[in-house]
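Please look through the structure shown below, and then read the report that follows, which moves from an annotated site to the core and to a pair of packed helices.

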Amino acid sequence: MDKEVIIEKINNFLVEEFEVEKDDIAPEADLKETLELDSLDFVDLVVAIESNFGVKLVGEDFVNVKTLQDFYNLIENKLS
């Protein structure tokens, strides 16, 4: 799966599942602020990634994830 497909898929489920405004989605946007994540939303995000991409994520995976670009890179790396 190439990077553009990964980004499009992530952006689509952010809009549909997390009700993020499409205009708020930018690679440099802060992940927690953009998604307004609390601990329950974080679990939902992990489940959404697992169901959409078939990869398992753990808390340690998110240590260096600050922006949406970091998040895209995380998923791309998990898929490779």
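In this predicted model, the UniProt record, an unreviewed entry, places the feature "modified residue: O-(pantetheine 4'-phosphoryl)serine" at Ser39. Serine 39 lies in helix H3, which covers residues 39-53. Is this serine buried or exposed? Serine 39 has a relative accessible area of 62%, and because exposed means over 50%, serine 39 counts as exposed.

The interior can be described next. In soluble globular proteins, nonpolar side chains tend to be buried together. Here the largest nonpolar core has 26 residues, and those with the most contacts inside it are Ile10, Phe13, Leu14, Leu45, Phe71 and Ile75. The helices in the table each supply at least two residues of this core.

| Helix | Residues |
|---|---|
| H1 | 3-18 |
| H2 | 31-35 |
| H3 | 39-53 |
| H4 | 68-79 |

Leucine 45 is a good place to look inside this core: leaving aside residues up to four places away in sequence, leucine 45 touches Phe13, Leu14, Phe18, Leu35, Leu37, Phe62 and Phe71.

Two packed helices are described by the angle between their axes and the distance between the axes. For H1 and H4, the angle is about 120 degrees and the axes are 10 Å apart, which means that H1 is oblique to H4. The crossing in which H1 passes H4 is right-handed. On the H1 side, the contact is made by Lys3, Ile6, Ile7, Ile10, Asn11 and Leu14, while H4 contributes Leu68, Gln69, Phe71, Tyr72, Asn73, Ile75, Glu76 and Leu79.

Technical notes:
Residues numbered from 1 in each chain as written. Predicted model: local features only at pLDDT ≥ 70, side-chain atom pairs only at ≥ 80, totals over all residues. Heavy atoms only, no water. UniProt positions renumbered as here; feature names shortened; annotations may be inferred. Helix = DSSP H or I, 4+ residues; strand = E, 2+ residues; numbered from the N terminus. Buried < 20%, exposed > 50% of the residue type's maximum accessible area, 1.4 Å probe, protein only. Core = buried A, V, L, I, M, F, W, Y, C linked by side-chain atoms within 4.5 Å. Contact = heavy atoms within 4.5 Å. Axes fitted to C-alpha atoms, helices over the stretch in contact; angles between N-to-C directions. Parallel < 35°, antiparallel > 145°, perpendicular 65-115°, else oblique. Left-handed = near helix turned anticlockwise from the far one by under 90°.
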